[in-house]
Amino acid sequence: MKLYCPNCGEEIPKKDKFCKYCGKPLENLESEKNLSFKGLTTKYHSLNPNDKVRLKNLSIILIIAVIVLASIGAIIYYTALNQTVDLGSEGKFNLPFGYEVDEENSNNDMLLMNNFKELTSIGIIPGVDNQQDYQAITGYLLVGQRNVYINGLSVTEEHYSAPLSFYKDQYKYYVVKEGKQLTITALMSNDLDWSVQKSDNPVNIIISTLH
């Protein structure tokens with residue numbers, strides 16, 4: 001923290017006993033915080049009127065700039081949180097934050113979304129996929145199955161694993177909501193923090209906002 005002489009407002013070293021500019025003793029003064037504040041106040045009052053006006057205008061401009069930047073950031077964040085993806089007859093849902101729709105690899109049979117930061121891909125297939133030979137085709141082994149509740153809706157979750165694959169874990173969710181049937185598949189390289197029952201989980205967001 002810079003210190004300023006409370007008498008003349010000049011910057012002074014912390015260990016000086018006297019101000020080298022005006023000679024005022026600096027021992028037994030207030031705390032460093034108060035000394036710094038009083039010195040800055042003295043320095044401000046020593047400015048000529050024009051400099052004070054310029055400093056005041058600069059402060060106002062900086063405050064306005066901070067408010068504008070914060071507002072723009074909030075708008076971008078809010079827009080990203082509420083971007084809607086249209087599935088046609090199967091409804092719409094909010095795109096999870098951090099995910100992008102893969103336009104190149106999506107088609108009428110599947111919508112694909114990627115989160116490159118977390119190395120997670122999510123595919124949405126219209127209808128309920130009850131494929132019996134899923135394990136044989138994909139090479140993933142079923143390691144767990146359960147029913148979970150997402151926003152009051154009962155959803156079947158299947159957990160598959162392929163330790164030698166880049167996407168080591170895969171979760172499949174069978175969803176029936178308001179007459180809409182979907183199979184949601186989530187592929188990830190690491191599922192240590194994966195919990196579909198958390199409100200910020202991407203599959204949770206898709207199911208909860210589906211309408």
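This is a short talk on the fold, the core and the largest pocket of one chain.

Before anything else, I should say that what we are looking at is a predicted model. The chain has 211 residues, of which buried residues make up 33%, and its secondary structure consists of 4 helices and 11 strands. Turning to contacts with a separation of 6 or more, 38% of them are accounted for by residues 24 or more positions apart.

Let me start with the strands towards the end of the chain, and with β11 in particular. β11, residues 180–188, pairs with β10 in the antiparallel sense over 9 bridges, and with β7 in the antiparallel sense over 7 bridges. If you want to follow the β7 pairing on the structure, take G123, whose bridge partner in β11 is T185. For the pairing with β10, take Y173, whose bridge partner in β11 is I184, or D169, which stands opposite M188 in β11. β10 and β11 also form a hairpin, with 2 residues between them, and in that turn E178 has a positive phi of about 50°.

β10 in turn pairs with β9, again in the antiparallel sense, over 6 bridges, and in that pairing E158 stands opposite K172 in β10. Both β10 and β11 are mostly covered: 8 of the 9 residues of β10 are buried, and for β11 the count is 7 of 9.

That brings me to the core. In general, nonpolar side chains in soluble globular proteins tend to be buried together. Here the largest nonpolar core holds 26 residues, and the members that touch the most others are F93, I124, Y173, I184 and V203. Which elements supply at least two residues each to this core? They are the strands β6, β7, β8, β9, β10 and β11, together with the helix α4, residues 202–209. Of the contributors, β11 gives the most, with 4 residues. Apart from this core lies another one, of 5 residues, and its members include L3, C5, I12 and C19.

I124 is worth a moment on the screen, as one of the core residues that touch the most other members. Once its neighbours within four places in sequence are left aside, I124 is in contact with L87, F93, D109, M110, L111, M113, L182, T183, I184 and I206. F93 and I184 in that list are themselves among the residues that touch the most other core members.

Now to the pocket, which may be the part this group wants to inspect. The largest pocket contains about 470 Å³ of space. It is lined by 19 residues, and those closest to its centre are E118, D193, W194, D200 and P202. By residue type, the lining divides into 9 nonpolar, 5 polar and 5 charged residues.

Finally, one residue on the outside: is S89 buried or exposed? S89 is exposed, because its relative accessible area is 69%, above the 50% cut-off used here for that label. S89 is found in the loop between β3, residues 84–86, and β4, residues 92–94. Its C-alpha atom is separated by 9.2 Å from that of P126, although the two residues are 37 apart along the chain. P126 belongs to β7, which spans 120–126, and β7 is one of the strands that pair with β11.

Definitions and conventions
Residues are numbered from 1 along each chain as its sequence is written. This is a predicted model: local features need pLDDT of at least 70, side-chain atom pairs count only at pLDDT 80 or more; totals for chains, interfaces and linings use all residues. Side-chain values use heavy atoms; hydrogens and water are left out. A nonpolar core is a set of buried Ala, Val, Leu, Ile, Met, Phe, Trp, Tyr and Cys residues joined through side-chain atoms within 4.5 Å. Buried means under 20% relative accessible area, exposed over 50%, partly exposed in between (1.4 Å probe, protein chains only). Contact means heavy atoms within 4.5 Å. Two strands pair if DSSP finds at least two bridges between them. On a 1 Å grid over the protein atoms alone, a cavity is a set of points where a 1.4 Å probe fits but cannot get out, and a pocket is an open set with protein on both sides within 12 Å along at least five of seven lines; lining residues have an atom within 4 Å of a point. Grid points are joined across faces, edges and corners, and a volume is the space filled by probe spheres set on the points. Ala, Val, Leu, Ile, Met, Phe, Trp, Tyr, Cys and Pro count as nonpolar, Asp, Glu, Lys and Arg as charged, and the others, Gly among them, as polar.
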